[in-house]
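Visitor: I am new to this structure and would be grateful for a guided introduction. May I put some questions to you once it is displayed?

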Amino acid sequence: MISRFRRFVLEHRLFEPDDTVLLAVSGGIDSMVMWDLFQRAGYHHAVIHCNFQLRGEDSDGDEEMVRNLAAERKIRFFASRFDTSEYATAKGVSIEMAARELRYDWFEEVVAAHRFSCLATAHHRDDLLETFFINLVRKTGIRGLTGFREKTGKLIRPMLFTNRKEIELWASENGVSYRHDLTNDET
């Protein structure tokens with residue numbers, strides 16, 4: 001998987017070898033495997049984590065695990081806590097949309113303030129397929145049906161070369177620790 005990861009980064013020119021990439025790490029399996037691959041590939045990186053305070057102690061546990069691993073690996077770490085429910089109510093949007101707006105606005109601020117070359121999210125091929133079907137149901141038209149790309153401005157998706165099954169296998173075979181978010185099991 002590591003050689004496919006490196007090849008994907010190179011083929012899609014996601015970043016230059018000397019660039020420092022900011023990794024969005026939730027603590028879930030996808031982002032933790034992405035972080036593991038960046039570590040193994042020797043790419044320069046820092047980690048950013050959002051605590052949306054929606055799952056009580058579970059949210060805090062996610063943040064603590066990511067923070068501790070960053071400290072252990074001596075990786076620059078950024079974290080922020082958001083009152084997502086209050087934001088959603090004030091803006092009249094869903095919790096999911098509130099979390100999305102809060103995280104991407106903050107990500108942009110941190111990327112600019114610390115001059116990171118780009119921000120990496122752990123979207124993989126299964127996410128692409130899911131997005132396609134969601135957009136199909138929403139009748140977003142041709143543009144919406146294309147899903148998302150490997151690179152959009154400073155946002156990169158270096159995990160689009162793989163799927164959830166391969167991610168789970170990698171985590172299992174390589175001892176990648178992660179936290180399971182029970183809300184991901186809901187439809």
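Visitor: Which helix lies across S1, S2, S3, strand S4 and strand S6?

Guide: This is a predicted model. The strands in question belong to an open sheet of 6 strands with the order S3-S2-S1-S4-S6-S5 and mixed pairing. The helix that lies across S1, S2, S3, strand S4 (118-120) and strand S6 (155-156) runs at about 145° to S2 and comprises residues 95-113. It is helix H5.

Visitor: Which are the edge strands of the sheet?

Guide: In the order S3-S2-S1-S4-S6-S5, an edge strand is one that pairs on one side only. The edge strands are strand S3 (77-81) and strand S5 (151-152).

Visitor: What is the handedness of the β-α-β unit that S2, H3 and S3 make?

Guide: S2 and S3 pair in the parallel sense over 5 bridges, and valine 47 has phenylalanine 77 as its bridge partner in S3. Helix H3, which spans residues 57-73, packs on the sheet and touches both S2 and S3, its direction making about 165° with that of S3. The unit made by S2, H3 and S3 is right-handed.

Visitor: Is glutamate 63 buried or exposed?

Guide: Glutamate 63 is found in helix H3, and it touches His49, Asn51, Phe77, Ala79 and Arg81, not counting residues up to four places away in sequence. Its side chain makes polar contacts with the side chains of asparagine 51 (2.9 Å) and arginine 67 (2.6 Å). Because its relative accessible area is 7% and the limit for this class is under 20%, glutamate 63 is buried.

Visitor: How many residues apart in sequence are the parts that aspartate 30 and arginine 164 tie together?

Guide: The side chains of aspartate 30 and arginine 164 meet in a salt bridge of 3.0 Å, N to O. Aspartate 30 lies in helix H2 (residues 29-41) and arginine 164 in helix H8 (residues 164-174), so the pair ties together parts whose separation in sequence is 134 residues.

Visitor: Which residue forms a salt bridge with aspartate 62?

Guide: Aspartate 62 counts as buried at 7% relative accessibility, whereas its partner is partly exposed, with a relative accessible area of 27%. The pair links distant parts of the chain, helix H3 and the segment after H8, 117 residues apart. Both residues belong to a network of salt bridges that also links Arg55 and Asp58. With its closest N and O atoms 2.5 Å from those of aspartate 62, the partner is arginine 179.

Definitions and conventions
Residues are numbered from 1 along each chain as its sequence is written. This is a predicted model: local features need pLDDT of at least 70, side-chain atom pairs count only at pLDDT 80 or more; totals for chains, interfaces and linings use all residues. Side-chain values use heavy atoms; hydrogens and water are left out. Helices (H or I, at least four residues) and strands (E, at least two) are DSSP runs, numbered from the N terminus. Buried means under 20% relative accessible area, exposed over 50%, partly exposed in between (1.4 Å probe, protein chains only). A polar contact is a pair of N or O atoms within 3.5 Å; within protein, one must be able to donate a hydrogen and the other to accept it, and residues adjacent in sequence count only if both atoms are side-chain atoms. Contact means heavy atoms within 4.5 Å. Two strands pair if DSSP finds at least two bridges between them. Axes are lines fitted to C-alpha atoms, for helices over the stretch in contact, and angles run from 0 to 180 degrees between N-to-C directions. A crossover is right-handed if, with the strands pointing away from the viewer, the path from the first strand over the helix to the second runs clockwise. A salt bridge is a side-chain nitrogen of Lys or Arg within 4 Å of a carboxyl oxygen of Asp or Glu.
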